Every structure is written in C-alpha cells, then in structure tokens.
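Morning, everyone. Please look at the screen while I talk through the spaces in this protein.

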Amino acid sequence: MRRKLVAGNWKMNLNLVSARALVTALRERLNNPSSAVDVVICPPTLYLFPMAKSLDGSGIQLGAQNVFEEPDGAYTGEISVAMLADAGARFVILGHSERRHTIGHHEDDRMISRKLRAARAGKLIPILCIGETLSERKAGQTLEVLTFQLGAALIGSESITAAELVIAYEPVWAIGTGQNATPAQAQDAHAHIRRELRRIVGSAAADNVRILYGGSVKPDNAAEIFAQPDVDGGLIGGASLSADSFAAIVRAAVPSAEPAAAR
Ligand code: PGA
C-alpha cells in the first residue's frame with residue numbers, strides 16, 4: 001500500500017521569525033508524524049537551513065521549491081541539487097505551474113526534464129507538478145496535457161523507481177483560487193497519470209509512485225479528496241501557512257484504521 005504524503009509549499013511567504021514560529025506550532029500539533037503519513041514542508045530556499053535545524057528530530061522532512069539543473073559553474077543566482085541537499089532538503093518541487101506560466105521563468109518541459117534528471121542523480125526526490133489550464137480543461141484536453149507533460153518530464157528517466165519520484169496533479173485553475181477539483185475529477189486525472197506511468201516506467205514503479213493532488217486543498221475538502229483510490233496525499237499551498245489547517249490536512253490523510261497516528 002502506498003503511504004500517504006502531505007507536502008506544504010510555502011511559496012514566497014513568511015520571514016525567518018514567522019517561519020520558525022510555524023514550525024514550532026506544527027511540531028506541537030504533529031508530534032507523531034512518522035507513524036502513518038509522510039510530512040514535508042517546502043520553505044523558500046534561503047530558509048531551508050534554519051528550518052532543518054528547527055525540524056531536527058521531528059520526523060517532518062524538507063523540500064525545496066526549485067533547483068538548477070547543472071551541478072556547478074558560472075550560473076549567477078542559481079542553486080544546485082547538492083547545495084539543497086547540504087541544506088537538508090530531501091525533496092524538490094519541479095514544474096510548478098507558477099514557474100511554467102506566471103513568474104516569467106516560463107520553464108518548458110525540456111528544462112523540467114533536465115532538472116528531474118539532475119535531482120535524481122543527486123538523490124533529491126522530485127515532486128513533479130503537472131496539470132492543465134482552465135482553457136485546456138474546457139477544450140477537453142486535460143488527459144492529453146497530462147500525458148504530454150508526464151512523458152516529456154520523464155524522458156531519460158524511464159528506469160526511475162517509485163521511491164525516487166512523487167507526482168503532483170495540480171490543475172492550474174484550482175491553484176490559489178479556492179476552487180478545488182472535485183474528488184471525481186481528481187481521481188480521473190490520477191488514474192490516467194498512473195496508467196501513463198505504467199507505460200513509461202513500468203507497472204512496478206507506477207503502482208507505487210505517490211500521486212498527490214494540489215489546488216485549493218483545505219481542511220474541509222482534504223479527507224474526501226484523499227479517500228480517492230489513486231490520490232496519495234496532497235501538495236498544499238495557502239493552507240500550509242497555518243499550523244492548524246496544515247495539521248488538520250495531515251490528519252485527514254491518516255488512514256482511518258489508524259485514527260490516532262498523527263495527532
Ligand atoms: P493552493 O496551492 O493550495 O494555495 O491552491 C497549491 C500549490 O500551488 O501547490
């Protein structure tokens with residue numbers, strides 16, 4: 001059975017003082033996180049190192065929000081996989097729609113694929129984000145877009161194992177809008193992603209890769225979304241900035257047979 005994973009994407013929010021306060025509050029609320037759900041937080045790069053210290057011994061893991069694909073060299077302002085690992089990161093978000101579409105980076109599929117290979121080589125686990133825009137959904141192109149983005153990102157990584165990869169299905173129209181995908185829409189997309197993964201990386205890996213849902217997950221919709229058979233947790237933006245709501249979302253991911261595990 002796939003173990004659920006809940007990751008918080010802080011984006012470009014908080015400062016050192018409020019980030020430390022959030023981690024302290026999270027540690028209080030998730031005092032036994034390792035038993036049933038993997039919990040990851042992804043602070044701004046600059047705060048990885050101090051957060052690694054604040055999280056020490058908590059069982060909560062760290063992820064970065066982006067990485068550069070080259071190992072070192074004349075790349076002013078960029079950060080390598082090894083540097084992120086040095087700072088305590090185990091995961092890295094790749095291909096987030098804000099980097100694909102809005103920030104001005106306009107990351108394309110080829111760049112995302114190179115970053116994914118670099119992350120894997122450096123033993124960082126990519127959380128690969130894929131998802132359709134509203135106009136693509138309205139045009140009935142959702143599954144096609146997912147197939148394309150997944151295939152393009154995994155070029156050169158066909159031998160990847162389930163332990164080395166996490167996928168996040170994030171419909172662009174649901175991110176930060178308050179309009180989440182319905183559980184049925186999420187399940188349809190996730191089942192499609194898993195089918196495509198079987199074709200690309202084989203059944204053994206595909207059946208065990210965690211596929212997270214992201215896009216306006218809140219404490220009141222998380223349990224229903226996480227209950228879908230191919231939804232293995234969530235990538236949480238806005239609601240990860242509050243210890244109460246993030247902890248409630250983590251609790252919603254605890255399998256019902258183990259109700260006390262993440263209390
Ligand atoms: P949201 O963001 O939860 O605020 O919609 C999700 C994400 O961008 O990963």
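Which backbone atom of Gly176 lies 2.6 Å from an oxygen atom of the ligand: what kind is it? It is a backbone N or O atom. Keep in mind that this is a predicted model. The values I quote are computed.

Stay with the ligand. Glu170 also makes a polar contact, this time through its side chain: an N or O atom there is 2.7 Å from a ligand oxygen. Then look at Gly237. A polar backbone atom of Gly237 is 2.9 Å from an oxygen atom of the ligand. How much of the ligand does the protein cover? On its own, the ligand has 280 Å² of accessible area, and the protein covers 97% of that.

Now the neighbours. The ligand is surrounded by 13 residues. The closest are Lys11, His96, Glu170, Gly176 and Ser216. Sort the shell by class and you get seven polar, four nonpolar and two charged residues.

Two of those closest residues deserve a second look. Here is some background. Most residues other than glycine have a negative phi. Lys11 has a positive phi, near 55°. Find Lys11 in the loop between strand 1 (4-9) and helix 1 (16-29). Ser216 is not a glycine either, and its phi is positive at about 60°. Ser216 sits in a loop too, between strand 7 (210-214) and helix 10 (219-226).

Next, the empty space. How do we find it? We roll a probe the size of a water molecule over the atoms, and that shows where empty space is left.

Which pocket does the ligand take? The ligand's space is the second largest pocket. The volume of that second largest pocket is about 180 Å³. Its lining has 20 residues, and Lys11, Gly176, Ile236, Gly237 and Gly238 are the closest to its centre. You have met Lys11 and Gly176 already, among the residues closest to the ligand. By class, the lining of this second largest pocket has ten polar, seven nonpolar and three charged residues.

So much for the ligand's own pocket. What volume does the largest pocket have? About 450 Å³. There are 19 residues in its lining, and the closest to the centre are Thr45, Gln65, Asn66, Arg99 and Ile103. The lining of the largest pocket divides into eight nonpolar, seven polar and four charged residues.

Last stop: closed space. How many cavities of 30 Å³ or more are there? The count comes to one. The largest cavity holds about 40 Å³ of space. Its lining includes His96 and Glu170, and both of these are also among the residues closest to the ligand. Other lining residues include Ser97, Arg100, Cys129 and Ile130.

Which elements each supply at least two residues of that lining? Helix 4 (97-102) and strand 5 (125-130) do. Helix 4 gives the largest share, three residues. By class, the cavity lining has five polar, four nonpolar and two charged residues.

One thing to take away. Glu170 turns up twice: its side chain is 2.7 Å from a ligand oxygen, and Glu170 also lines the largest cavity. Find Glu170 on the screen, and you can trace both spaces from there. Thanks for listening.

Technical notes. Residues are numbered from 1 along each chain as its sequence is written. This is a predicted model: local features need pLDDT of at least 70, side-chain atom pairs count only at pLDDT 80 or more; totals for chains, interfaces and linings use all residues. Side-chain values use heavy atoms; hydrogens and water are left out. A residue is near a molecule or strand if one of its heavy atoms lies within 4 Å of it. A polar contact is a pair of N or O atoms within 3.5 Å; within protein, one must be able to donate a hydrogen and the other to accept it, and residues adjacent in sequence count only if both atoms are side-chain atoms. Accessible areas come from the Shrake-Rupley method with a 1.4 Å probe; for residues, only the protein chains shown count as cover. On a 1 Å grid over the protein atoms alone, a cavity is a set of points where a 1.4 Å probe fits but cannot get out, and a pocket is an open set with protein on both sides within 12 Å along at least five of seven lines; lining residues have an atom within 4 Å of a point. A molecule sits in a cavity or pocket if more than half of its atoms lie within 2 Å of its grid points. Ala, Val, Leu, Ile, Met, Phe, Trp, Tyr, Cys and Pro count as nonpolar, Asp, Glu, Lys and Arg as charged, and the others, Gly among them, as polar. Grid points are joined across faces, edges and corners, and a volume is the space filled by probe spheres set on the points. Helices (H or I, at least four residues) and strands (E, at least two) are DSSP runs, numbered from the N terminus.
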